Amino acid sequence: MANFTLRLHVYQAKDIPTTNPVGLASAYVQVLFYGKSAKTKHVKWSNSPTWDTTLTLSKIELPCLGWPGNTDLDEEEEDDDKKYNHKHEGGREKWEENYNMLRFAKRIEVQVLEKGQNPKLLGRCYIAPEECLHTQDDPDWHELYLGNPEQDEGRIYLCAQMLHE
């Protein structure tokens, strides 16, 4: 097992539905991953809210075979020059094995909720953790849905990063 940090950069949403009679949402974003969660502040009365914030979930334990630069997992290697890192021969293969293991991890759930005594789900999307193994990436629009992926519930503009601790 290895510890990771998830950083979710949440920028804005467009065309989100509302459940109140006014027709304007007071929405916030919540991220859920392996029993941990974080949420943004809510934006009042907007169906295209802007948050421009980063949500962070730390100490997430995920299955791992060893990561580039991590020598703790390669104790059988005696020579420091040959210890596993991303430049060492075979490092690329080990990185790909870990990438494939993350394909079996739970998906990152991003929810847009309307604030109230009983928060109401306005839409959600799922992000695959193996798509987040980078330190820099451009944000992208993700379609939101409730139960039927064919029915559009708006879009959210965000970027996710999985960082090895």
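This short talk walks through a predicted model of one protein chain, from its core to its sheets, salt bridges and aromatic rings.

Good morning. Please keep in mind throughout that we are looking at a predicted model.

I shall begin with the core. In soluble globular proteins, nonpolar side chains tend to be buried together. In our model, the largest nonpolar core holds 33 residues. Which of them touch the most other members? They are Leu6, Leu8, Ile108, Val110, Ile156 and Met162. Several strands contribute to this core: S1 (2-14), S2 (27-33), S4 (50-62), S5 (108-114), S6 (120-127) and S8 (155-164) each supply at least two residues. The largest share, six residues, is that of S1.

Let us take Leu6 as an example. Leaving aside residues up to four places away in sequence, Leu6 touches ten-odd positions that I shall not read in full; among them are Val31, Phe33, Leu55, Ile108 and Met162.We turn next to the sheets. Four strands form an open sheet in the order S4-S1-S8-S7, and their pairing is antiparallel. Which strands lie at the edges? The edge strands are S4 and S7 (140-143), each of which pairs on one side only. On average, neighbouring strands of this sheet are turned by 35 degrees against each other, with direction ignored. At one side of the sheet, S7 and S8 are joined in the antiparallel sense over four bridges. Within that pairing, His142 has Ile156 in S8 as its bridge partner. You will recall Ile156 from the list of core residues with the most contacts to other members.

Strand S5 deserves a closer look. Is S5 mostly covered or mostly uncovered? The strand is mostly covered, for seven of its seven residues are buried. Ile108, Val110, Val112 and Glu114 point one way from S5, whereas Glu109, Gln111 and Leu113 point the other way. S5 runs antiparallel to S2, and six bridges join the two. In that pairing, Gln30 stands opposite Gln111. S5 also runs antiparallel to S6, here with seven bridges. Glu114 of S5 stands opposite Lys120 in S6. S5 and S6 form a hairpin, with five residues between them.

I come now to the charged residues. How many salt bridges does a search of the whole structure find? The search finds two. One of them joins Glu130 and Arg107, whose closest N and O atoms are 3.4 Å apart. This pair links distant parts of the chain: Glu130 is in the loop between S6 and S7, and Arg107 is in the loop between helix H1 (91-102) and S5, 23 residues apart. Glu130 has a relative accessible area of 10%, and it is therefore buried, because the limit for that class is under 20%. Arg107, at 34% relative accessibility, counts as partly exposed.

The other salt bridge is formed by Glu109 and Arg124, with 3.6 Å between the closest N and O atoms. Glu109 lies in S5 and Arg124 in S6, so this pair ties together parts that are 15 residues apart in sequence. Glu109 counts as buried, at 14% relative accessibility.

Finally, I turn to the aromatic rings. A pair of aromatic rings is described by the distance of the centres and the angle of the planes. The count for this model comes to four aromatic pairs. One of these is formed by Tyr11 and Tyr157; the pair is tilted, at 5.7 Å centre to centre and 55 degrees between the planes. Tyr11 is in S1 and Tyr157 in S8, 146 residues apart, and the pair thus links distant parts of the chain. Tyr11 counts as partly exposed, at 29% relative accessibility. Tyr157 counts as partly exposed too, at 25%.

Another pair consists of Phe33 and Tyr34, which is edge-to-face, with 4.9 Å centre to centre and 90 degrees between the planes. Are the two partners buried or partly exposed? Phe33 is buried, at 2% relative accessibility, while Tyr34 is partly exposed, at 31%.

Which residues form one aromatic cluster? The members are Tyr11, Trp141 and Tyr157.

To close, let me return to two points. S1 supplies the largest share of the core, six residues, and S1 also stands between S4 and S8 in the order of the open sheet. S5 has seven of its seven residues buried, and Glu109 of that strand takes part in a salt bridge with Arg124. Thank you for your attention.

Terms used. Residues are numbered from 1 along each chain as its sequence is written. This is a predicted model: local features need pLDDT of at least 70, side-chain atom pairs count only at pLDDT 80 or more; totals for chains, interfaces and linings use all residues. Side-chain values use heavy atoms; hydrogens and water are left out. A nonpolar core is a set of buried Ala, Val, Leu, Ile, Met, Phe, Trp, Tyr and Cys residues joined through side-chain atoms within 4.5 Å. Buried means under 20% relative accessible area, exposed over 50%, partly exposed in between (1.4 Å probe, protein chains only). Contact means heavy atoms within 4.5 Å. Two strands pair if DSSP finds at least two bridges between them. Axes are lines fitted to C-alpha atoms, for helices over the stretch in contact, and angles run from 0 to 180 degrees between N-to-C directions. A salt bridge is a side-chain nitrogen of Lys or Arg within 4 Å of a carboxyl oxygen of Asp or Glu. Rings of Phe, Tyr and Trp (its six-membered ring) pair if their centres lie within 6.5 Å; planes under 30 degrees apart count as stacked, over 60 as edge-to-face and the rest as tilted.
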